[in-house]
Amino acid sequence: MADVRQKLLIVEDDLGLQKQLKWSYEDFEVFCASNRDEAMTLLRSETPDVVTLDLGLPPDPDGVSEGFALLDEMLKVKPDTKVIVASGHGARESALRAISAGAWDFYHKPVEIDELHLIVKRAFHVRNLELQNALLQQPDSSGELLLGTILTAAPEMVKVARTIQRIAPADVSVMLLGASGTGKELLARGLHNASGRRDKPFVAINCGAIPENLLESELFGHEKGAFTGAIKTTEGKIELADGGTLFLDEVGDIPLALQVKLLRFLQERTIERIGGRKAIRVDVRVVCATHRNLNKMIIDQTFRDDLYYRLAEVNVNIPNLAARTGDAILLAKHFVSRFAREMNPSIKGMSTGALTAIDAWKWPGNVRELENRIKRAVIMAEGKFVTADDLDFGDDDEGDLLLNLKSAREASDRKAIKRAISRTEGNISSAAKLLGISRPTLYDLLKQYDLQV
């Protein structure tokens with residue numbers, strides 16, 4: 001599995017001190033450089049968030065000129081890097097100059113490992129806060145968007161988005177694990193858009209939605225005449241994704257025989273179309289998703305372990321909607337606004353009872369269920385606000401809806417009022433008597449629930 005720890009670059013020409021520092025930073029993925037060229041190569045390839053930089057580097061180990069030149073070059077290439085500089089040469093003057101030049105902090109030599117460790121941890125903490133703030137403040141009129149695709153306010157999803165943003169530049173294969181309807185394809189698109197392949201194709205295929213006898217052709221393509229009905233040469237999804245990202249949704253549904261061919265492609269990065277003999281080189285990044293337990297499938301020998309390790313260099317677990325703090329309400333408001341514009345402009349929002357019911361529901365179908373239920377409620381709503389009744393959760397014998405008194409009372413009141421008015425053919429006085437309340441009370445309830453007579 002790929003290392004997804006935060007990256008620290010140590011620029012130090014003393015090899016003994018290099019090893020000592022590297023050993024002390026076991027919480028981070030550490031890279032070491034002894035000179036300016038090595039440091040810039042690692043900065044560009046590994047994009048570390050924090051750098052410790054000894055200003056006394058060759059060819060000026062007794063001075064600071066090379067260290068300051070490297071500091072300037074680093075901040076031009078990656079200005080958000082937290083560079084912590086060190087020097088024993090004119091420490092006060094060097095510290096002032098380094099901070100003025102954009103360094104994040106300064107420490108004096110000789111190095112106190114524990115003290116430097118605290119400075120480094122604080123730098124990572126500040127950088128993490130900056131990344132989280134940047135994710136939450138990406139501009140979009142519809143709400144808080146992560147990776148340009150995921151609307152959320154939940155810390156659980158912010159963590160997922162941060163992981164994806166961190167691994168996006170690294171050209172590793174990624175496995176997105178989560179239940180159906182949690183937004184795996186949206187996250188895959190977000191990963192593609194945050195990567196260096198963003199200007200190339202993003203090609204998605206749902207491996208579970210295509211019959212086994214057609215899936216090979218869909219993935220690898222076929223030559224004209226390769227089988228009955230192959231009237232022309234057709235490129236497969238893998239070939240169409242050349243240079244970009246291939247998203248294999250429900251990868252756990254790929255049959256064993258085809259898993260072998262997919263593994264060979266991942267090893268050799270070449271394909272052969274069905275009926276073809278020419279090896280075609282393809283450069284793609286593979287992102288997969290599944291709701292199935294692949295570890296169990298490996299034990300049951302229905303999924304190859306060697307293919308799994310090729311596909312899952314990094315695993316990302318996506319929480320269910322019920323586990324995303326506050327997201328059900330946020331997304332419900334977003335969907336009501338969207339569907340009201342498209343289908344029922346008279347809808348102005350949701351009642352308190354509806355919001356309470358949404359927050360209590362376990363959402364077994366996740367975001368997809370929420371979107372479909374809100375869409376139906378907006379279409380069916382009779383008043384200006386979507387109510388708990390419009391959401392049609394129904395009677396839940398298995399406890400999917402954790403009822404509270406407020407939402408239960410509203411749903412019961414609405415049903416009783418509708419029946420009474422229907423039975424009395426709209427006569428408010430008769431309906432009030434039937435309900436056992438006064439006319440003013442009935443009028444208040446009609447207004448509260450926005451019911452039309």
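**Exercise 1. Helices H13 and H15**

At what angle do helix H13 and H15 pack, and how far apart are their axes?

Solution. The model is predicted, so local features need pLDDT of at least 70 and side-chain atom pairs pLDDT 80 or more, while totals for chains, interfaces and linings use all residues. Residues are numbered from 1 along each chain as its sequence is written, and side-chain values use heavy atoms, without hydrogens or water.

Step 1. Find helix H13 at residues 327–343 and helix H15 at residues 366–380 (helices are DSSP runs, H or I, of at least four residues, and strands, E, of at least two, numbered from the N terminus).

Step 2. The two axes (lines fitted to C-alpha atoms over the stretch in contact, with angles from 0 to 180 degrees between N-to-C directions) lie 9 Å apart, and the helices pack at about 45 degrees. H13 is therefore oblique to H15 (under 35 degrees is roughly parallel, over 145 roughly antiparallel, 65 to 115 roughly perpendicular, the rest oblique).

Step 3. This crossing is right-handed (the near helix is turned clockwise from the far one by less than a right angle).

Step 4. List the contacts (heavy atoms within 4.5 Å). On the H13 side they include Leu331, Phe335, Phe339 and Met343, and on the H15 side they include Leu370, Ile374, Val378 and Ile379.

**Exercise 2. Two further helix pairs**

How are H3 and H4 oriented to each other, and how are H18 and H19?

Solution. Step 1. H3 covers residues 65–77 and H4 residues 91–101; their axes come within 10 Å and cross at roughly 20 degrees. H3 and H4 are therefore roughly parallel. Their crossing is right-handed. Phe68, Leu71 and Leu75 of H3 make the contact with Ser94, Arg97, Ala98 and Ala101 of H4.

Step 2. For H18 (residues 428–435) and H19 (residues 439–448), the axes come within 9 Å and the crossing is roughly 95 degrees. H18 and H19 are therefore roughly perpendicular. Ile428, Ser429, Ala431, Ala432 and Leu435 of H18 meet Arg439, Leu442, Tyr443 and Leu446 of H19.

**Exercise 3. A salt bridge**

Which parts does the pair of Lys109 and Glu12 tie together?

Solution. Step 1. The structure has 24 salt bridges (a Lys or Arg side-chain nitrogen within 4 Å of an Asp or Glu carboxyl oxygen). One of them joins the side chains of Lys109 and Glu12, at 3.3 Å from N to O.

Step 2. Lys109 sits in the loop between strand S5 (105–108) and helix H5 (113–136), and Glu12 in the loop between strand S1 (7–11) and helix H1 (15–24), so the pair ties together parts 97 residues apart in sequence.

**Exercise 4. Backbone exceptions**

What is the omega of the bond that joins Pro58 and Pro59, and what is the phi of Thr47?

Solution. Step 1. Recall that most peptide bonds are trans and most residues other than glycine have a negative phi.

Step 2. Pro58 and Pro59 are joined by a cis peptide bond, with omega about 10 degrees. Pro59 is in the loop between strand S3 (50–54) and H3.

Step 3. Thr47 is not glycine, but its phi is positive, near 45 degrees. Thr47 is in the loop between helix H2 (36–46) and S3.
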